Amino acid sequence: MKTEKQKSQENKMTEKKYERYYDLAGKASYRNWDSVKKSRMCGCYYCCSIFPSSEVSDDDWVPDFPGKTVICPKCSIDSVIGDATGIPIREDVLEELYREKFRVVGDDKPSARCIGSGIYNLDTIVVREYPDGPAGKRFKERTVVEEAGGTCANVMCLLSYFGLETYPQACLDDSPEGCKITEDLGRYGCDLRFVSNTPEGGTTLLRVTHKRNPDGTPKISVRAGSPGGSRFPKRKFLRARDQAPSFVKELTSEFIPDFYFFDSPAAGHRYIAKELRTLGTTVCFEPSVISTNADLECVSISDIIKFSDENVPDTSFADSFSDKLFVQTLGKDGLRYKLRDGEWRKLPGIPNDNVVDTEGAGDCVTAAIIYGIAKTRRKIGELKEEEIVHILSDAQHFASKNVSHLGSKAVISLSEEGLAF
């Protein structure tokens, strides 16, 4: 039996005292630079922060032609409204707008769910320090971060940070390192029901060392291995002939996910992607290369394909498809995108004079794209180009925040410490 307190809390969650502001808030948080600057106080109906308009800096916006959309200086989400709109900037108003706009249900989480199969590593980030300067021979190494990493792990953790329900699918070994990956995924808020640690699983270790050339310019070295001292990665994926079908059957008996993300063209992942897409799931593929028939099959069965120009410089393969969103990141130069049967278009990069660590920037872009599309509650075929531009601009800004700090998921740590976001 529910207590009176529980019933009161549930009633509060479903009460719509400020329904008259729902549509206005959506319009007021788009192309709103001038409106925010005319306001005295502002609020964000994502993180529910309240702050003076003077705290919105000249960098806190994304281009939404022909205007500019303000992003929150606290959480970097485009949900800022000012009191010049006539909406009361109060905590109770912002909380109700959050529940409405982000489809929050009784457990305070958005209803969108994402499954992720692919690369789960234990990443160790090391900084090499030179007491005699970078031209000297002496150095000492300092471990900065040791935690779950890899493209799929990062995307799952970041989506959990955004408020989506995330379900990593990983076959890890039962070594201390494999168990730490599982522990870290749980610490970031992921649901672990599809993660296993068994002797038959596989765990990859990745050591990323930040060094300096003799002239002081930065460089990075990456070394892979696996528990026990092996210099080779050890990964295990679901077999297409039996394990992947069993997984899909188990998964869909509980729920059909809104999104499926995968970053490896393994046969089991292709099976899962095909099956879930027929059930209405939006499928997102992040290839490291496009060079085999398996890679092209992954493209054909996906709705969103995102990659970097370093890994996939030739985008001619995309010309054969007219039902997808292709995104090619260009580092500091921004990104290119192709929506359905449209032409490739470029968005400029976000200026950043304080780049510290670009590892994980692409994963931030991927997670922000999935989140942005989840927010619209629509499919790729239903989205307008201006909406995609808005989502991609937000994604770039989010990644730019992350690269100013060490670690592929630095934005989450900064949020927890109250330093940014």
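Biologist: Which helix gives the most to the lining of the second largest pocket?

Modeller: Helix α11 does, with six residues. Keep in mind that we're looking at a predicted model. Other contributors count too: α2 (22-28), α4 (91-101), α10 and α11 each supply at least two residues of that lining.

Biologist: What is the volume of the second largest pocket, and which residues are closest to its centre?

Modeller: The volume of the second largest pocket is about 770 Å³. It has 27 lining residues, and Tyr45, Asp78, Lys375, Thr376 and His390 are the closest to its centre. Click on those five and you'll be looking at the middle of it.

Biologist: How do the residues of that lining divide by chemical character?

Modeller: Sort them into nonpolar, polar and charged. For the second largest pocket you get ten nonpolar, seven polar and ten charged residues.

Biologist: And how much space lies in the largest pocket?

Modeller: About 1400 Å³. Here 47 residues form the lining, with Thr358, Glu359, Gly360, Ala361 and Gly362 closest to the centre. Their split is 17 nonpolar, 19 polar and eleven charged.

Biologist: Which element supplies the largest share of the lining of the largest pocket?

Modeller: That's α10, with four residues. The elements that each supply at least two residues are β7 (121-129), α5, β11 (204-212), β12 (218-225), β15 (304-308), α10 and α11 (385-402). So you meet strands and helices in one list.

Biologist: I see α5 and α10 in that list. How do I read two helices that pack together?

Modeller: The general idea is that two packed helices are described by the angle between their axes and the distance between the axes. In this structure, α5 (residues 151-162) and α10 (residues 361-376) have axes that come within 9 Å and cross at roughly 45 degrees. That angle makes α5 oblique to α10. As for handedness, the crossing of α5 past α10 is right-handed.

Biologist: Which residues of α5 and α10 meet?

Modeller: On the α5 side, look for Thr151, Asn154, Val155, Leu158, Leu159 and Phe162. They meet Asp363, Cys364, Thr366, Ala367, Ala368, Ile370 and Tyr371 of α10. Sorted by character, this contact has nine nonpolar residues, three polar ones and one charged one.

Biologist: Now for cavities. How is a cavity unlike a pocket?

Modeller: A pocket is open, while a cavity is a space where a probe fits but cannot get out. How many turn up here? Searching the whole structure gives two cavities of 30 Å³ or more.

Biologist: What lines the largest cavity, and what is its volume?

Modeller: The largest cavity has a volume of about 80 Å³. Among its 13 lining residues, those closest to the centre are Gly118, Tyr120, Leu172, Gly202 and Lys236. Strand β9 (residues 165-172) gives the most to this lining, with three residues. By character, the lining has six nonpolar, four polar and three charged residues.

Biologist: And which residues line the second largest cavity?

Modeller: This one has a volume of about 30 Å³, and its lining is Asp123, Ile125, Val145, Glu147, Ala148, Ser408 and Lys409. Two elements, β7 and β8 (140-149), give two or more residues to it. The largest share, three residues, comes from β8.

Biologist: How does that lining divide into nonpolar, polar and charged?

Modeller: For the second largest cavity, you'll find three nonpolar residues, one polar and three charged. Try picking them out in the model yourself!

Conventions. Residues numbered from 1 in each chain as written. Predicted model: local features only at pLDDT ≥ 70, side-chain atom pairs only at ≥ 80, totals over all residues. Heavy atoms only, no water. Axes fitted to C-alpha atoms, helices over the stretch in contact; angles between N-to-C directions. Parallel < 35°, antiparallel > 145°, perpendicular 65-115°, else oblique. Left-handed = near helix turned anticlockwise from the far one by under 90°. Contact = heavy atoms within 4.5 Å. Nonpolar A, V, L, I, M, F, W, Y, C, P; charged D, E, K, R; others polar. 1 Å grid on protein atoms, 1.4 Å probe; cavity = no way out; pocket = protein on both sides within 12 Å on 5 of 7 lines; lining within 4 Å. Points joined across faces, edges and corners; volume = space filled by probe spheres on them.
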